[in-house]
Amino acid sequence: MGHQVIIFDISVVRGFWETQVKKHKEVRKKEKERLAQSSLEKIKQEWDFVLECRKKGIPQSAYLKNGFIDTTVKILDKTEKKTQLCKKSTLSDETDKERSKFIFQLSGEHWTELPDSLKEQTHLKEWHIYKTQIETIPAYVALFQELKVLELSNNQITHLPVEIGCLKQLKELNVSFNNLKSIPPELGNCENLEKLDLAGNIELTELPFELSNLKQVTFVDVSANKFPTIPICILRMSSLHWLDISNNKLKDLPQDIDRLSELQTFLLQKNKLTYLPRALLNMPKLSLLVVSGDDLVEIPTDVCDSHTGLKFISLKDNPLETFLYHDTEDNVESERDREQFEKEFMKAYLADIRERESMPCYTTKVSFTIQL
């Protein structure tokens, strides 16, 4: 007797199972809808909500409305965001506190010299000393090998120690509005320097050639001094973006001024320039040029061309400022104050100019009148 073979219709079996699966899905859907409408499910949601609020320390008054629990409020989201903000704030405070350990600050006219305790804090990374009667910076500054910022503005400093050249990590040096008459050549050893501010020393007339080594400098301010020409060392600072040499004794610009190929902002107002060299047109990144226009008799036409993208501003000097100052201590201080006020004014003015995208690029006369 042979084997009996039973043959099934596969399509019938498949149809049967598809029908069963469809019925099962419909039953689950109805059960889900029933639970959604059930008061038990709502109570469960409310209790889960209350437990979560209690875990996060949220008071009942925040989620109870007329004695009923309102699960629609976004209190959990708000609390989560608030918690994150608090964590960020705490982290920021901790960071500021940690950073303050490396910063030394000193101000006040009663200070005539640095405190002795400073010598022991060689871990410091920043000095901020301003508005004091301090005249000298001690040689032990060389011990501060981690120093990156040396801000010494508005003091009575008459010279910088040669030991300043030992600060290999120094990035910012601000000795503006002091009584400097010279700069030590050793400063050229600070090869990581990025910002140099020597404004308002009034008697500075030259800079040492050794500063040519400062190839990382992007910002130089030597305004309100007595430079007869742009120092050669500045022309060799190949990374320079900002140069302010306003209010000096310049009568002309060097023909090789275009060596500053990275220069973007060039402030020349309050000098005695009679002409501008065509070399300025060879500075592709120059976007802002400010001069005093009263003495200018020759300006390259292309400088005022709106297609160059250069904002050329010609300021009109105030004739009231032509009176002579008597060489007294009070008048020197008054002149320094006036220079500081003018710098703040120009800073605000230039910031406003940069924000005006639609400002015309041709020559603009601006009355510049400041009286103390």
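# Reading rings, cores and loops

Tutor: Phe104, Trp127, Tyr140 and Phe144 form one aromatic cluster. Start there. Keep in mind that this is a predicted model.

Student: How many aromatic pairs does a search of the whole structure find?

Tutor: The search finds 4 aromatic pairs. One of them joins Trp127 and Phe144.

Student: How do I read such a pair?

Tutor: A pair of aromatic rings is described by the distance of the centres and the angle of the planes. For Trp127 and Phe144, the centres are 5.0 Å apart and the planes meet at 80 degrees. That makes the pair edge-to-face.

Student: Why does the pair of Trp127 and Phe144 tie together parts that are apart in sequence?

Tutor: Look at where each ring sits. Trp127 lies in strand E4, residues 126–130, while Phe144 lies in the loop between E4 and strand E5 (149–151), so the pair ties together parts 17 residues apart in sequence.

Student: Are Trp127 and Phe144 buried or exposed?

Tutor: Both Trp127 and Phe144 are buried. Now take another pair, Phe219 and Trp242. Here the centres are 5.7 Å apart, with 20 degrees between the planes. This pair is stacked.

Student: Which strands hold Phe219 and Trp242?

Tutor: Phe219 is in strand E8, residues 219–221. Trp242 is in strand E9, residues 242–244. The two residues are 23 apart, and the pair links distant parts of the chain.

Student: Is Trp242 buried or exposed?

Tutor: Neither label fits. Trp242 has a relative accessible area of 25%, and buried means under 20% while exposed means over 50%. Trp242 therefore counts as partly exposed.

Student: What sits over the ring of Phe219?

Tutor: The charged end of Lys195 does, 5.0 Å from the ring centre. Phe102 has a lysine over its face as well: Lys125, at 4.9 Å from the ring centre.

Student: Next, the nonpolar core. What is the general idea?

Tutor: In soluble globular proteins, nonpolar side chains tend to be buried together. In this model, the largest nonpolar core has 64 residues. Those with the most contacts inside the core are Trp127, Leu173, Ile234, Phe266 and Leu289.

Student: Which elements give two or more residues to this core?

Tutor: They are strand E3 (103–107), E4, helix H4 (232–235) and E11. H4 supplies the largest share, 3 residues.

Student: What is Phe266 in contact with, leaving aside its neighbours within four places in sequence?

Tutor: The list includes Ile230, Leu243, Ile245, Leu253 and Ile257. Leu280, Leu286, Leu288, Leu289 and Val290 are also among the contacts of Phe266. A second, separate core of 8 residues includes Leu288, Val290, Ile313 and Leu350.

Student: Now the loops. Where is Leu207?

Tutor: Leu207 lies in the loop between E7 and E8. With a relative accessible area of 11%, Leu207 is buried, because that value is under 20%. Its contacts beyond four places in sequence include Ile183, Leu198, Val222 and Ile234. The C-alpha atoms of Leu207 and Lys181 are 9.9 Å apart, although 26 residues separate the two along the chain.

Student: Which other residue is found in the loop between E7 and E8?

Tutor: Ile202 is found there. Ile202 is buried too, at 12% relative accessibility. Check its backbone: phi is near 70 degrees, a positive value in a residue other than glycine. Phe177 also has a positive phi, near 55 degrees. Phe177 is in the loop between strand E6 (172–174) and strand E7 (195–197), and is buried at 5%.

Student: How should I read a polar side chain such as Asn271?

Tutor: Ask where it is, then what it reaches. Asn271 is in the loop between strand E10 (265–267) and strand E11 (288–292). Its relative accessible area is 2%, so Asn271 is buried.

Student: What does the side chain of Asn271 reach?

Tutor: It reaches the backbone nitrogen of Lys249 at 3.4 Å. A polar atom of the same side chain lies 3.1 Å from the backbone oxygen of Ile245. Other contacts of Asn271 include Ser246, Leu250, Ser292 and Asp295.

Student: Finish with the whole chain. How many helices and strands are there?

Tutor: The chain has 5 helices and 13 strands. Buried residues make up 38% of its 372 residues.

Methods
Residues are numbered from 1 along each chain as its sequence is written. Side-chain values use heavy atoms; hydrogens and water are left out. Helices (H or I, at least four residues) and strands (E, at least two) are DSSP runs, numbered from the N terminus. Buried means under 20% relative accessible area, exposed over 50%, partly exposed in between (1.4 Å probe, protein chains only). A polar contact is a pair of N or O atoms within 3.5 Å; within protein, one must be able to donate a hydrogen and the other to accept it, and residues adjacent in sequence count only if both atoms are side-chain atoms. Contact means heavy atoms within 4.5 Å. Rings of Phe, Tyr and Trp (its six-membered ring) pair if their centres lie within 6.5 Å; planes under 30 degrees apart count as stacked, over 60 as edge-to-face and the rest as tilted. A charge sits over a ring if NZ of Lys or CZ of Arg is within 6 Å of the ring centre and within 35 degrees of the ring normal. A nonpolar core is a set of buried Ala, Val, Leu, Ile, Met, Phe, Trp, Tyr and Cys residues joined through side-chain atoms within 4.5 Å.
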